[in-house]
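The following paragraphs guide the reader through a single protein structure, from its charged pairs to its nonpolar interior. Please consult the sequence and the model alongside the text.

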Amino acid sequence: MAKSEKQKLKLLYLMDKFIKDTDEQTGITVNDIIDYLDSNGIKAERKTIYDDIEALTLYGLDIVKEKANRNTYYKLVSRNFEIAELKLLVDAVQSSKFITTKKTNELIKKIEGLASHNDAMKLQRQVYVVNRVKNINEKVYLAIDNIHRAINEDKQITFIYSSWNVKKELVPRRNGELYNVSPWTLIWDDERYYLVAYDEKDKKIKHYRVDKMSKVEFLEEKRNGKVLFENFDVAKYSSKTFGMYGGREENVKLQFENNMIGVVLDRFGSDVMIHPVSDGEHFNVNLSVEVSNQFFGWILGLGNAVRIIEPKAVVDEMKNYLVEIQQMYL
């Protein structure tokens, strides 16, 4: 590239220098800038550098001037993402089970590019704090992208749905027969992505783990189930579906000890109606839940601090569940 052409890029090189090498703690001098530009084949004088810094400031960069030890330093003190926000993004990526180790490293590297070199080092140290279980399915990103596009374009999709076998292999369900559903939304639950869709064949809402989906394809047909999703509440759906395992929906009454109020609010939200019991030590709640072994397991995990009051059919199911568990340990 000719010198005159590179000269036109001076402001871009200068902006890149501020973004990469400065932050609230670290500044650069005019001499640093001149040397940096010179190393990239761009000649500059002190006066033009002052004008360029002013131009970048007018453009919106939060560049401040600071004197220390008889030197004047310039630094970019704020940017689109603060370091605390980038740490949150890194932690979210690192902890996400559906993102593979390879993609995790790629995404974190891109997030580091949003920070200065010094702050990027802080992010890198954060990466090695934990060693969480990660997904191994690289194709999950393509599936997510196709699902988003299908939702935006109001299209049905087909896909192959799989389960793990004891050899740690994903094996297609239904002998590889294609699932055909109308996708409506994606839910992030327990650090995994789930597709919530309408199954026209069974006339009901279902959900699927995205990392177990493959060969997601568009259909020309428009989506079905619009009426069911007009007032669909993602939070309520997640709270009544334990571990994202489906079951039959039931209205149940549960009785909790008063000290379990935090557990109830964390699980079902602050809008849940609390009905104090006359003994002053318990309260009841009426909830719509998906009755499944995962629901019974959640109840069991809370010990004698909670019990199912009604309906009787669900109480009897809970009793049978407890007997089955007990039989395993006789």
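In this predicted model, K17 and D21 form a salt bridge in which the closest N and O atoms lie 2.7 Å apart. The two residues are four positions apart in helix α2 (residues 10-21), so about one helical turn separates them. K17 counts as buried because its relative accessibility, 12%, falls under 20%. D21, with a relative accessible area of 24%, is partly exposed.

A comparable arrangement occurs in helix α4 (residues 46-59), where D51 and K47 are four residues apart and therefore separated by about one helical turn. Their salt bridge has its closest N and O atoms 3.4 Å apart. Here D51 is partly exposed, at 38% relative accessibility, while K47 is exposed, at 58%.

Another salt bridge joins the side chains of D211 and R209, at 2.7 Å from N to O, and both of these residues are buried. D199, D202 and K206 are linked into one network by salt bridges that share partners. The whole structure contains 17 salt bridges.

Charge also appears on the surface, where E24, D62, E82 and E85 form a negative patch. Of these, E82 lies in the loop between β2 (71-78) and α5 (83-95) and is partly exposed, at 34% relative accessibility.

In soluble globular proteins, nonpolar side chains tend to be buried together. The largest nonpolar core here comprises 28 residues, and those touching the most other members are I147, I157, F159, L195, Y208, V210 and M213. Several elements each supply at least two residues of this core, including α5, α6 (101-112) and β3 (155-164). Helix α8 provides the largest share, six residues.

Methods: Residues are numbered from 1 along each chain as its sequence is written. This is a predicted model: local features need pLDDT of at least 70, side-chain atom pairs count only at pLDDT 80 or more; totals for chains, interfaces and linings use all residues. Side-chain values use heavy atoms; hydrogens and water are left out. Patches are made of residues with over 30% relative accessible area and no salt bridge: like charges are joined within 9 Å, nonpolar side chains (Val, Leu, Ile, Met, Phe, Trp, Tyr) within 5 Å. Accessible areas come from the Shrake-Rupley method with a 1.4 Å probe; for residues, only the protein chains shown count as cover. A salt bridge is a side-chain nitrogen of Lys or Arg within 4 Å of a carboxyl oxygen of Asp or Glu. Lys and Arg count as positive and Asp and Glu as negative; His and the chain ends are not counted. The place of a charge is taken as NZ of Lys, CZ of Arg, CG of Asp or CD of Glu. Buried means under 20% relative accessible area, exposed over 50%, partly exposed in between (1.4 Å probe, protein chains only). A nonpolar core is a set of buried Ala, Val, Leu, Ile, Met, Phe, Trp, Tyr and Cys residues joined through side-chain atoms within 4.5 Å.
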